Amino acid sequence: YRIFLGDIPFRDYFCPTTPFSYHMLSWWFSLAGESFLAVRLHVTLQAMVLTALTFLASRRLLGLGLIESSLLTLFEILWSPHFMHGIIWYNNDAAFFAMAAGLSLMWAWREEKPLWNLAAGALCALSFWSKQDIGAGAMAGGLASTLLLWRTAGSPRKAAHVLAFVSGLILVCGAICFHYWRHGALDDMVFWITKRGLMMKWEGPLTWTRSLEKAFSPFTTSVDRASKFFVLLMALPIPCSLSRYLVSRDRIELLGLGAAILWLSAYYAGLFTHDGQGFTVDLAAFACALGLVRRPWPAPSPEPSRARLDAWNLRLVGLVPPRLAAVSFLALLAVLGARGLRYAKNMGWPPSEHTHVLRTPRLAGLHIRPEAAAIDLLSGFIEERVPADEGFLILDLSIVYFTTGRRPVSPLTYFNIGDMQLDDEDRILASAADPSLRWFFYPGGRERFDADPFEGMGRLKTYLGAHFQFDGEAGGYSVLRRISA
């Protein structure tokens, strides 16, 4: 919304995530107007493309049957964040580009054309600029798999494939950096998406020991069990692809290896920074990863020197009869699909008497969880009580700027205590000291203010107590109004 109004991220307002998702939504605002319709169009189009990619990849690239491809596609639909949430989210965009990058790597291996690796590199970069943790994993996994596969390939143009992938990364990253350099925001962008973004997800000192602990944290901390299980499932295509290759000695059996490494890397990177994403992103890639495991087993290699190894591999395969493998595959999809529907129900779908229907014009008709009903109440209070020329600062519910059509008066658009660091206190104080800021909203009553709601930011609490006074409540939020001079 701020980009749509003409502001530049990092220069005009703080933004701890890479901004490409916000740019895409601003384009939709330009096409569909300032309403939730723009978000619905973006989510719907993205879901349609992901659904088509899942089916086409399963059928044309992985060689699965019509029924299995259809079931994988249905699983992707029922469990996707588009179906569950129906809202735009930068994680969704990052996963979308990572999915497309993996398919591009498959086409590059199949067609042996560097142009597909160029596209894969560009898509990995777009994934990073949508969300830096998932995208960084995609870039690292994509580059590692490209170097591994094409270094060992017999193609005379293997160097061209690696160069094409790297060129795709450089072209996109260079274009975005140039855009922010041209608007005088490059230094601030580097600070916010690297050091400041890392601080939001990091606890303790930045050391090699702590880095190793963080890297294995999904398996050593309380990350939800489903997410750990998905790591193992997404890793399965790697040994399966290698085993198929060892049996057949046919390079086409390595078709999905690069994509599998990329998707696993992207998923894992998002997992250990987000502490649980088993229910949401990378669903199309996850479906295709399952498809890679389910691919038909190749015929043994005719090379006599490989006979013993081939026999060993085939003996392993024989431990799981084809019919049992098919039933297990279908059962896994059924169980995971049911879990997705259960999660969707917990999120308030389908709409019921337990959900709140928004009335504010820009979000009218949207069903949300009851605890978010404060959006309507706060929007109504601001429309009625806060003059258009008086600025306000609100904790958590920054969407109220959009619903009221107001423009924040300071760089501090999003203010969530849980995401703030102690060294942000100076930035928050600078925003609070802006004379055009007349109102301050924070969740809870006066008791919470007295109990230090700012988690150690003593100067901020002192400033608010000296320059603002209580002016009632709205939607569970306390309303502070600046004391007139």
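Good morning. I begin with Tyr1, which counts as buried because its relative accessibility is 18%, and buried means under 20%. Please keep in mind throughout that we are looking at a predicted model.

What partner does the ring of Tyr1 have? The structure holds 19 aromatic pairs. In one of them, the ring centres of Tyr1 and Phe29 lie 6.5 Å apart and the planes meet at 85°, so this pair is edge-to-face. The two partners come from distant parts of the chain, 28 residues apart: Tyr1 belongs to the segment before H1, while Phe29 belongs to helix H1. Phe29 is buried too, since its relative accessibility is 4%.

A further edge-to-face pair is formed by Phe191 and Trp192, with 5.5 Å from centre to centre and 80° between the planes. How do these two residues stand with respect to the surface, buried or partly exposed? Phe191 has a relative accessible area of 25% and is therefore partly exposed. Trp192, by contrast, is buried, with a relative accessible area of 6%. I should also mention an aromatic cluster, which brings together Phe381, Phe392, Tyr401, Trp439 and Phe441.

Let us return to helix H1, which covers residues 20-32 and includes Ser21. Ser21 counts as buried because its relative accessibility is 3%. With which residue does the side chain of Ser21 make a polar contact? The partner is the side chain of Asp93, at 2.6 Å.

The next helix on my list is H2, residues 36-61, where we find Phe36. At 10% relative accessibility, Phe36 falls in the buried class. Phe36 also illustrates how the chain comes back upon itself: its C-alpha atom is 9.8 Å from that of Thr403, although 367 residues separate the two along the chain.

I turn now to the interior spaces. How many cavities of 30 Å³ or more does the structure hold? The number is three. I shall describe the second largest cavity, which holds about 60 Å³ of space. Its lining consists of Leu105, Trp109, Asn117, Ser145, Thr146, Leu149, Trp150, Leu255, Gly258 and Ala259. Three elements give two or more residues each to this lining, namely helix H5 (90-111), helix H7 (132-152) and helix H14 (257-274). Which of the elements provides the largest share of the lining? That is H7, with four residues. As for chemical character, six residues of the lining are nonpolar and four are polar, while no charged residue takes part.

Finally, let us step back to the protein chain as a whole. Its secondary structure comprises 22 helices and six strands. The chain has 485 residues, of which 49% count as buried. How are the contacts distributed along the sequence? If we take the contacts with a separation of 6 or more, 69% of them join residues that are 24 or more positions apart.

To summarise, I would ask you to retain three points. Tyr1 and Phe29 form an edge-to-face pair that links distant parts of the chain. Buried Ser21 has a side-chain polar contact with Asp93. The second largest cavity draws its largest share of lining residues from H7 and has no charged residue in its lining. Thank you for your attention.

Terms used:
Residues numbered from 1 in each chain as written. Predicted model: local features only at pLDDT ≥ 70, side-chain atom pairs only at ≥ 80, totals over all residues. Heavy atoms only, no water. Buried < 20%, exposed > 50% of the residue type's maximum accessible area, 1.4 Å probe, protein only. Polar contact = N/O pair within 3.5 Å; in protein donor to acceptor, adjacent residues only side chain to side chain. Phe/Tyr/Trp six-rings, centres within 6.5 Å; stacked < 30°, edge-to-face > 60°. 1 Å grid on protein atoms, 1.4 Å probe; cavity = no way out; pocket = protein on both sides within 12 Å on 5 of 7 lines; lining within 4 Å. Points joined across faces, edges and corners; volume = space filled by probe spheres on them. Nonpolar A, V, L, I, M, F, W, Y, C, P; charged D, E, K, R; others polar. Contact = heavy atoms within 4.5 Å.
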